[in-house]
Amino acid sequence: MTFSHSGFQPHSGAPAFRIAFQPIVDVRCHQIFAHEALARGAQGESAATLFGSVPADTLGLLDQQLRVAAMSLSRRLGLRSMLSLNLFAQSDGCPSLAMRRTLAAADALAFPYEQLMFEITEWKAVLSPKRLRDFIAMYRDFGFKTALDDFGRGYCNVELLSEFRPDIIKLDDEFTRVAPHDARGRTIIRNLVSTARHLGCDVVAEGVETAQQSEILNDLGIPLQQGYLFARPAMEILPSVAWPGHAGPPRHSASIRWSVAS
Ligand SMILES: [Ca+2]
């Protein structure tokens, strides 16, 4: 796999792609908790467009190559936070094979396992409860953190937490946009955070766009936040973080330009 101005060029089968990064921050201490690596098409198309452009039997290959590229790029950028990688459940036909390839890539790059987190996306539609439990346990056994992505989309079932025991849940942006501004929504968030804490699970709020939304979520016990308020996804760099209420330069600028020969 090589990188050029038009993106990563996979060895075979999968289309060219690019990688964007968006930080997940801790608003209590103004630290960067993780950077999520986001897939983009060669022309900046969304992940949905990119994945929609490949045949179903190539999804696993593309997903795997995205993970390897994100790890490689993170090493070159000098990433110090966790790296959060999306794991498309429906593309992972053979989890143990995907795991072996991920481990091999991490080993080749000397990437510490404990610095990796996997966001399991579209888990509701695809995985049976048993398979999802096994899936999370398998990744945890290797020292990786696991997150359930898009939690709260459509419905919000706290029983899922005790059943699957992920390290982290990521609250969907549609949920975090509305719930903090509504008394019933705030009660749901409080209960969710309480249950998560009891189970040793962290909560991340996605889609944080305003200082007021951030403050309410923090007051409700969710200091780990991600959204345009702090940084938009940036292509092939670790973007600087804008901390609300801070007029000066960010305390933890992670903006590192990267250029490589193709
Ligand atoms: Ca995600």
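Visitor: What sign does the phi of glycine 78 have, just after α2?

Guide: Glycine 78, which comes just after helix α2, takes a positive phi of about 70°. Residues are numbered from 1 along each chain as its sequence is written. This is a predicted model, in which local features need pLDDT of at least 70 and side-chain atom pairs count only at pLDDT 80 or more, while totals for chains, interfaces and linings use all residues.

Visitor: What makes α2 a helix, and how does its reach compare with the span expected?

Guide: A helix is a DSSP run of H or I with at least four residues, and a strand is a run of E with at least two, both numbered from the N terminus. Helix α2 covers residues 59-77, and its 19 residues reach 27 Å from the first C-alpha to the last, close to the 27 Å expected at 1.5 Å a residue. That expected span is 1.5 Å times one less than the number of residues.

Visitor: Why are residues of α2 such as Leu62 called buried?

Guide: Leu62 is called buried because that word applies when 20 or more other C-beta atoms, placed from the backbone, lie within 10 Å of a residue's own (exposed: 12 or fewer; partly exposed: in between). The buried residues of α2 also include Val68, Ala70 and Leu73, and of the 262 residues of the protein, 43% count as buried.

Visitor: Which residues have the most contacts inside the largest nonpolar core?

Guide: They are Ala70, Leu83, Phe118, Ile169 and Val203, in a core of 66 residues. Such a core is a set of buried Ala, Val, Leu, Ile, Met, Phe, Trp, Tyr and Cys residues joined through C-beta atoms within 7 Å. Helix α2 gives the most to this core, with seven residues. Leaving aside residues up to four places away in sequence, alanine 70 touches Ile19, Ala37, Leu83 and Leu85.

Visitor: How do you know that β8 pairs with β9, and over how many bridges?

Guide: Two strands pair if DSSP finds at least two bridges between them; four join β8 to strand β9 (residues 202-205), and the two run parallel. Isoleucine 169 stands opposite valine 203 in β9. Strand β7 (residues 145-151) also pairs with β8 in the parallel sense, over three bridges, and alanine 147 has isoleucine 168 in β8 as its bridge partner. Both faces of β8 are covered, with Ile168 and Lys170 buried on one side and Ile169 and Leu171 on the other.

Visitor: What pLDDT does the protein average?

Guide: On this 0 to 100 scale of the predictor's confidence in each residue, the protein averages 83, and 81% of the residues score at least 70. Over residues 248-262, however, the pLDDT is below 50. Where pLDDT is low, the predicted coordinates should not be read in detail.

Note on methods
Two residues are in contact if their C-beta atoms, placed from the backbone, lie within 7 Å.
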